[in-house]
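Here is a friendly walk through one protein chain, going from its overall surface to a sheet and the helix beside it. Have a look at the structure first, and then read on.

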Amino acid sequence: MRNFLAKYFSYFIILGLAIALSISMIKCFDAQSQSTTNASHTIAYGIQRLNKLVVAEQTYSNFYSRKMSNKVLGISALSFDKNVMIKAEARAQASYDLREMRVRIDSINETIYIEYIPEVKIEVFPDVDFFEMDQSVLNRFTSEELNDVKRSAIAEIQKQIDESALRQEAREQLMDNLEDIYLLAKIYGWKVVDDTNYAESLRRRMQF
């Protein structure tokens, strides 16, 4: 009888251990699943915060003047002069619209896919003000002459714009923003698959 009870008692112990182990494994799986879910949400939120316009900007300003003379019968002493001075300004921007960026999150395989980064966009916004104008009744500026002066002033100030430096500044800002994706992946032990032209530079910066 004692052997019978001991035998069944052993079975109960083994069954209990099996049940305890199963519960422990389920809890562990649930905890791991919850951890993956939390990581996925955090990474998704971090990427969502990057959906913005990254802009590098430079401003330029200068004065341009033009003088015109109208000689009566070719006589210098009977010349009627007119002068105009223009203040020309230009705001140059290099921008990346990260709202067009495509990033895919694979929570099952714990992988972030960076699929597309938009190209840099260069824009120039010129502005011209007539700072000073001197003309006579017999020699006034025509609308076409003033428009020509404005076009010349804008063309001259656009020559000052250093697009190379502007592009580089915008690229540095872009890289700073994209680093956040790599940093999040590193924190949670996820992988990053980057198919863009910036992948190698980012990996060097983040030492992936």
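## The chain as a whole

About 13800 Å² of the protein chain is exposed, and carbon and sulfur atoms supply 52% of that area. Please keep in mind that this is a predicted model. Of the chain's 208 residues, 29% count as buried.

If you trace the secondary structure, you will find four helices and six strands in the protein chain. Along the sequence they follow the pattern α-β-β-β-β-β-α-α-β-α. Contacts often reach far along the chain: taking those between residues at least 6 apart in sequence, 77% join residues at least 24 apart.

## A sheet of three strands

Which strands make up the open sheet, and in what order? The order is S3-S4-S6, and the pairing is mixed. Strand S3 (102-106) and strand S6 (191-194) are the edge strands; each has a single partner strand, so one side of each is left without a neighbour in the sheet. On average, neighbouring strands here are turned by 15° against each other, with direction ignored.

As a reminder, strands of a sheet pair through backbone hydrogen bonds, and they do this either parallel or antiparallel. Strand S4 (residues 111-116) and S6 run parallel, joined by four bridges. To follow this pairing residue by residue, start with threonine 111, which stands opposite lysine 191 in S6. Isoleucine 112, in turn, stands opposite valine 192 in S6.

## The helix on the sheet

Helix H3 packs on this sheet and touches S3, S4 and S6. The direction of H3 makes about 165° with that of S4.

Which residues of S6 belong to its covered face, and which to its uncovered one? Val192 and Asp194 are on the covered face, whereas Lys191 and Val193 are on the uncovered one. Two of these residues have already appeared in the pairing with S4: Lys191 stands opposite threonine 111, and Val192 stands opposite isoleucine 112.

## A nonpolar patch on the surface

Helix H3 spans residues 163-188, and isoleucine 187 is found in it. Is isoleucine 187 buried or exposed? With a relative accessible area of 56%, isoleucine 187 lies over the 50% cut-off, so this residue counts as exposed.

Isoleucine 187 also has company at the surface. Together with Leu183 and Tyr188, Ile187 forms a nonpolar patch there. The three residues of this patch have about 290 Å² of accessible area together.

Terms used
Residues are numbered from 1 along each chain as its sequence is written. This is a predicted model: local features need pLDDT of at least 70, side-chain atom pairs count only at pLDDT 80 or more; totals for chains, interfaces and linings use all residues. Side-chain values use heavy atoms; hydrogens and water are left out. Patches are made of residues with over 30% relative accessible area and no salt bridge: like charges are joined within 9 Å, nonpolar side chains (Val, Leu, Ile, Met, Phe, Trp, Tyr) within 5 Å. Accessible areas come from the Shrake-Rupley method with a 1.4 Å probe; for residues, only the protein chains shown count as cover. A salt bridge is a side-chain nitrogen of Lys or Arg within 4 Å of a carboxyl oxygen of Asp or Glu. Helices (H or I, at least four residues) and strands (E, at least two) are DSSP runs, numbered from the N terminus. Buried means under 20% relative accessible area, exposed over 50%, partly exposed in between (1.4 Å probe, protein chains only). Two strands pair if DSSP finds at least two bridges between them. Axes are lines fitted to C-alpha atoms, for helices over the stretch in contact, and angles run from 0 to 180 degrees between N-to-C directions. Contact means heavy atoms within 4.5 Å.
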